[in-house]
Number of protein chains: 2
Amino acid sequence: MKFSPLVDELIKSLQCLPGVGPRSAQRMAFHLLERDRNGGGKLGDSVSRAMSEVGHCQQCRTFTEQELCQICSNPKRTESGQLCVVESPADLLAIESAGQYSGQYFVLMGHLSPLDGIGPDDIGLDRLETTLSEGEWREIILATNPTVEGEATAQYIADIAHDCDVKVTRIAHGVPVGGELEYVDGTTLALSFSGRTAV
Amino acid sequence: MKFSPLVDELIKSLQCLPGVGPRSAQRMAFHLLERDRNGGGKLGDSVSRAMSEVGHCQQCRTFTEQELCQICSNPKRTESGQLCVVESPADLLAIESAGQYSGQYFVLMGHLSPLDGIGPDDIGLDRLETTLSEGEWREIILATNPTVEGEATAQYIADIAHDCDVKVTRIAHGVPVGGELEYVDGTTLALSFSGRTAV
């Protein structure tokens with residue numbers, strides 16, 4: 001037995017969300033139908049609009065429905081001459097929340113992954129190269145993830161930046177604040193020793 | 001820092017789904033924008049349509065966009081003269097999946113809960129009374145949840161059915177199949193003893 005066609009379709013389409021299986025989708029559908037028709041209406045509307053209208057910033061490639069995102073269109077951001085390269089808009093948000101950095105960003109929307117057929121052009125490195133050679137940059141900060149692919153991507157971008165005569169830095173890896181040494185893995189501990197600073 | 005207005009709105013509206021907080025909503029939004037624009041488009045469309053078109057079956061009160069649901073409009077279902085009363089469409093689906101029952105349903109869409117201001121008319125007991133007094137019913141099966149509210153609701157409906165001279169039964173409570181006696185709670189064990197059947 002199935003539900004009526006429209007309810008069935010709703011349950012199926014909710015399963016396109018990450019981490020949502022048949023049971024959660026059913027629960028979500030009934031929740032919206034029973035208790036939150038208003039919220040559901042807004043949800044349907046904003047999902048539809050976002051899917052059709054949200055594109056990428058012409059400059060940093062993050063998500064925005066305008067031509068330039070809020071950061072790229074902020075003149076104060078260009079003053080520092082710093083460009084931080086991150087893998088995803090979520091990483092950008094995490095760095096913004098930390099409140100330490102006030103330069104511009106470049107969002108790769110992924111990382112180099114030859115096995116999956118993701119090459120330099122797929123993550124916008126051609127555009128990054130143009131940006132680096134045309135602008136006046138004081139520093140490029142590589143904030144890709146500390147994974148194999150992230151490190152390879154960082155190395156690739158560092159080579160591009162060297163060719164353009166721009167200073168390149170990589171964010172520090174080490175023991176996280178509040179972590180206990182006992183539970184930190186060996187690679188991280190080794191990096192925290194090799195990256196030690198004078199006190 | 002926030003995202004662009006439309007992405008922000010998408011993340012906020014996803015939080016109306018049960019079990020979805022700010023972080024999961026962000027992850028869902030980025031997943032849809034990055035990897036599944038098609039699925040997102042369909043999701044937006046089906047949520048919007050379901051919210052505006054799905055109503056309740058005129059007869060059994062379950063969700064449907066038609067006047068009568070698939071079960072109520074199936075003439076074979078009326079033959080048995082049985083009516084099963086459940087609290088929610090999800091309960092209906094669970095019973096249908098078990099494949100044991102082939103009669104009609106009445107979906108309360110809730111249970112009696114005077115403290116929350118939910119009285120008999122809010123869960124359609126007025127309509128149930130009309131249904132019981134007008135139809136030819138062989139048996140009413142009470143399949144509300146074995147909770148305090150569910151039991152109270154079952155008792156209330158049993159009284160209505162007695163007034164209408166219809167036979168009333170309650171689904172059996174006891175040790176679930178595959179369960180271990182050691183881990184079954186005392187109330188359930190007591191019920192399984194008081195409800196024991198001859199072998």
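Biologist: Hi! How many salt bridges does the rule find across the interface of chain B and chain A?

Modeller: Hello! Bear in mind that this is a predicted model. Across that interface the rule finds 2 salt bridges. One of them pairs the side chains of B:Glu9 and A:Arg49, with N to O at 3.5 Å.

Biologist: And which elements of chain B supply the side that touches chain A?

Modeller: At least two residues each come from helix H1 (5–14), helix H2 (22–35), helix H3 (37–53), strand S2 (63–64) and helix H5 (89–98) of chain B. H3(B) gives the largest share, 15 residues. By type, that side of chain B divides into 27 nonpolar, 14 polar and 12 charged residues.

Biologist: Nice. How many residues does the contact take from each chain?

Modeller: The contact takes 53 residues from chain B and 53 residues from chain A. Between them the chains bury about 5000 Å², with 70% of it on carbon and sulfur atoms. There are also 14 residue pairs in polar contact across the interface.

Biologist: How are the two copies related?

Modeller: A turn of 180° and a shift of 0.0 Å along the axis lay chain B on chain A with an RMSD of 0.0 Å. The two copies are therefore related as by a two-fold rotation axis. The same surface serves both copies, as 100% of the contact residues of chain B recur in chain A.

Biologist: Which residue of chain B comes closest to the rotation axis?

Modeller: That is B:Gly44, whose C-alpha lies 2.1 Å from the axis.

Biologist: Switching to helix H5 of chain A: which residues are buried there?

Modeller: In that helix, residues 89–98, the buried ones are A:Pro89, A:Asp91, A:Leu92, A:Leu93 and A:Glu96. Their cover includes strand S2 (63–64), helix H4 (75–79), strand S3 (82–86) and strand S4 (104–107) of chain A, together with H2 of chain B. Just after H5(A), A:Gly99 takes a positive phi of about 75°.

Biologist: A:Glu96 caught my eye. What does A:Glu96 form a salt bridge with?

Modeller: Its partner is A:Arg77, and the closest N and O atoms are 2.6 Å apart. The pair links distant parts of the chain: A:Glu96 sits in helix H5 and A:Arg77 in helix H4 of chain A, 19 residues apart. Both A:Glu96 and A:Arg77 are buried.

Biologist: What about A:Arg35, is it buried or exposed?

Modeller: A:Arg35 counts as exposed because its relative accessibility is 62%, and the cut-off for exposed is over 50%. Its side chain meets that of A:Glu34 in a salt bridge, at 3.5 Å from N to O. A:Glu34 has a relative accessible area of 31%, so A:Glu34 is partly exposed.

Biologist: And how many salt bridges does the structure hold over all chains?

Modeller: Over all chains there are 10. In chain B, the side chains of B:Glu34 and B:Arg35 meet in one of 3.5 Å, N to O. Bridges that share partners also join A:Glu9, B:Asp45 and B:Arg49 into one network.

Biologist: Last topic, backbone angles. What phi does A:Met109 have?

Modeller: A:Met109 has a positive phi of about 60°, although it is not a glycine. A:Met109 is found in the loop between S4 and helix H6 (125–134) of chain A. With a relative accessible area of 18%, A:Met109 is buried.

Biologist: Where is B:Met109?

Modeller: B:Met109 is in the loop between strand S4 (104–107) and helix H6 (125–134) of chain B. Its phi is positive too, near 55°, and B:Met109 is buried at 18% relative accessible area.

Methods: Residues numbered from 1 in each chain as written. Chains lettered and ligands numbered in written order. Predicted model: local features only at pLDDT ≥ 70, side-chain atom pairs only at ≥ 80, totals over all residues. Heavy atoms only, no water. Contact = heavy atoms within 4.5 Å. Buried area = accessible area lost by both parts, 1.4 Å probe. Salt bridge = Lys/Arg side-chain N within 4 Å of Asp/Glu carboxyl O. Polar contact = N/O pair within 3.5 Å; in protein donor to acceptor, adjacent residues only side chain to side chain. Helix = DSSP H or I, 4+ residues; strand = E, 2+ residues; numbered from the N terminus. Nonpolar A, V, L, I, M, F, W, Y, C, P; charged D, E, K, R; others polar. Least-squares fit on C-alpha atoms with pLDDT ≥ 70 in both. Buried < 20%, exposed > 50% of the residue type's maximum accessible area, 1.4 Å probe, protein only.
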